[in-house]
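Here is a short set of exercises to work through with the structure open beside you. Try each task before reading its solution.

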Amino acid sequence: ALEVLNLVIQPLFSDDPKLASPSENLFLLYARALAQVNPTEPQMQRVLSWLEKNSKNPNIQTGAMAVRARIQRWLGHYPNYRKLLADAWKGQVEPREPKLASDIARQLGDSHSMAGEIEVAKKWYERGRELAERGDSDLLWAQSEVGRAGILYASGQLQEAEFSATRALEIFDGSEHLSGMSLAIATWANALRQQGRLSQALEVLAAAAPMLRASESPSFYLRILIAMARCEMALGRLGRAQECLDELDAMVRPGEHLHLRLHVALVRSAVLLLSGQGRRSLNILPEVVQKATGAGLFIEAEVGRAYLAEALWNRQREKAIQYFRQSRERLIEIGHVPALLENCIGHARVGGMDVRPDQVFSVVKEVLSQQPAELARMEWAVADALYMERHGRTAGVSWTNAKTILDHITKQLNEIDRASLQLHPWSRLVREGVVAAQTVSQ
């Protein structure tokens, strides 16, 4: 689109008022297209300044303000992003133009979701869907729906998030909307990963990767790589997860998409922790927590704090306990279940000798009893069995429970992934635990 627009946009720059009316919609279209690819292009400021100077159409002015908001998001200035969107929403004239209002409402949902304001984001996504229906736009509806899928995932409603992301993906796929496709696929894959449906998630991620790798915006492919790395970690294939990280490093550009760069750093830290290199993660995590907090990305900040607690456990125990507690309390307040699961899993992994896993996982017990969050249930079961053994108690029931969950996860995998899972620390611990329990009973 930009190739075509570039051919016609240059002659239209003029101070002649006669040219303003027929060209202002074209200018706004150009700004929106440029915002998808490179919002910091110098031409962008020229276009937006022209619109703000020449257009007398309130909807054009509002659209230009929404583009300026998008630039702030690109640069990582998330409070400014939210403020400009709020100004754009208030600046609309009645009756609101449904399509423009839907787009702004959806972006307001994005901005509040990134700030950890889950309930506020949910209301904006619902508003975006309603306005898209009023404007008869399936694509805008899908953009708000995939945001809603992210809220369902954050709330721990895994099956509902899967269904919601699938509905949005069908529309994005039919429209070849790559940005929407990447977000819908990543959200869908995350929901499946939590359920232990790793082969299914990886199959779709791998199928989407070539097309999104060739897209004009690196962020589309970054989301897919991050989701793939998380799935590989869940299967215990840390080498493959590292390969995803290496490719991410080659694509992430300083100064752009701070939230995605923080996610890359969090995945890298998680890989280091799982591979026994917690000391190296200490070179990454303090900066992640600092930058995320400063940018108002509180979910990423608290996940980073939980990882930092795990890395410090054998070095500064009191500080680690404090960090786990601070992270847990903040994530409970935010209501982000997957992030809270990361906290609980890390705490149970390193603190299982001192703290009962039942106590650690009590804050997510209700969710785990209602949703098929198999990976978290597996971590809890293994931690519980190890705790029982370390305290001289019979762990036969606990190991049997862990084996049941592991068998269920295994049945959902293809042959290659099933073989990988056999090499996972879970599998070794369960095999040894079950045999030991049988020996004791005999």
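**Exercise 1. Find how the side chains of Glu145 and Arg148 meet, and say how buried or exposed each residue is.**

Step 1. In this predicted model, the side chains of Glu145 and Arg148 form a salt bridge, with an N to O distance of 2.9 Å.
Step 2. Now look at the helix. Both residues belong to helix H8 (residues 138-154), and because they are three residues apart, about one helical turn separates them. An α-helix has 3.6 residues a turn, so residues three or four places apart point the same way.
Step 3. Check the accessibility. Glu145 has 0% relative accessibility, so Glu145 counts as buried. Arg148 stands at 22% and therefore counts as partly exposed.
Step 4. Widen the view: Glu145 and Arg148 are part of a salt-bridge network with Glu126, Arg129 and Arg167.

**Exercise 2. Work out which parts of the chain the salt bridge between Glu162 and Arg197 links.**

Step 1. The closest N and O atoms of Glu162 and Arg197 are 2.9 Å apart.
Step 2. Glu162 sits in helix H9 (residues 158-175), while Arg197 is in the loop between H10 and helix H11 (198-213); at 35 residues apart, the pair links distant parts of the chain.
Step 3. Buried means under 20% relative accessible area. Glu162, at 16%, is therefore buried, and Arg197, at 15%, is buried too.

**Exercise 3. Describe the salt bridge between Glu302 and Arg305 and its place in the chain.**

Step 1. Their side chains meet at 2.9 Å, N to O.
Step 2. Both residues lie in helix H17, three residues apart, which is about one turn of the helix.
Step 3. Glu302 has 6% relative accessibility and so counts as buried; Arg305, with 16%, is buried as well.
Step 4. For the overall tally, the structure has 27 salt bridges.

**Exercise 4. Test whether the span of helix H6 agrees with its number of residues, and then find how much of H6 is buried.**

Step 1. H6 covers residues 98-114, which makes 17 residues; at 1.5 Å a residue, the expected span is 24 Å.
Step 2. The end C-alpha atoms are 24 Å apart, so the two values agree.
Step 3. Of the 17 residues, 15 are buried, so H6 is largely enclosed by the rest of the structure.
Step 4. Look just past the helix: Gly116 has a positive phi of about 80°.

**Exercise 5. Characterise the cavities of 30 Å³ or more.**

Step 1. There are two of them. The largest cavity holds about 70 Å³ of space, and the second largest about 30 Å³.
Step 2. Residues lining the largest cavity include Pro218, Met251, Arg253, Glu256 and His257. H12 gives the most to this lining, with three residues.
Step 3. Sort that lining by class: five residues are nonpolar, two polar and three charged.
Step 4. Turn to the second largest cavity, where Gly156, Leu158, Val337, Pro338, Leu341, Val367 and Ala373 form the lining. Its classes are six nonpolar, one polar and no charged, and H19 gives the most, with three residues.

**Exercise 6. Describe the second largest pocket by volume and lining.**

Step 1. Its volume is about 1,000 Å³.
Step 2. The lining has 41 residues, and Leu274, Glu310, Ile345, Arg349 and Glu379 lie nearest the centre.
Step 3. By class, the lining divides into 22 nonpolar, nine polar and 10 charged residues.
Step 4. Helices that each supply at least two lining residues include H17, H19 and H22.

Definitions and conventions
Residues numbered from 1 in each chain as written. Heavy atoms only, no water. Helix = DSSP H or I, 4+ residues; strand = E, 2+ residues; numbered from the N terminus. Expected span 1.5 Å × (residues − 1). Buried < 20%, exposed > 50% of the residue type's maximum accessible area, 1.4 Å probe, protein only. 1 Å grid on protein atoms, 1.4 Å probe; cavity = no way out; pocket = protein on both sides within 12 Å on 5 of 7 lines; lining within 4 Å. Points joined across faces, edges and corners; volume = space filled by probe spheres on them. Nonpolar A, V, L, I, M, F, W, Y, C, P; charged D, E, K, R; others polar. Salt bridge = Lys/Arg side-chain N within 4 Å of Asp/Glu carboxyl O.
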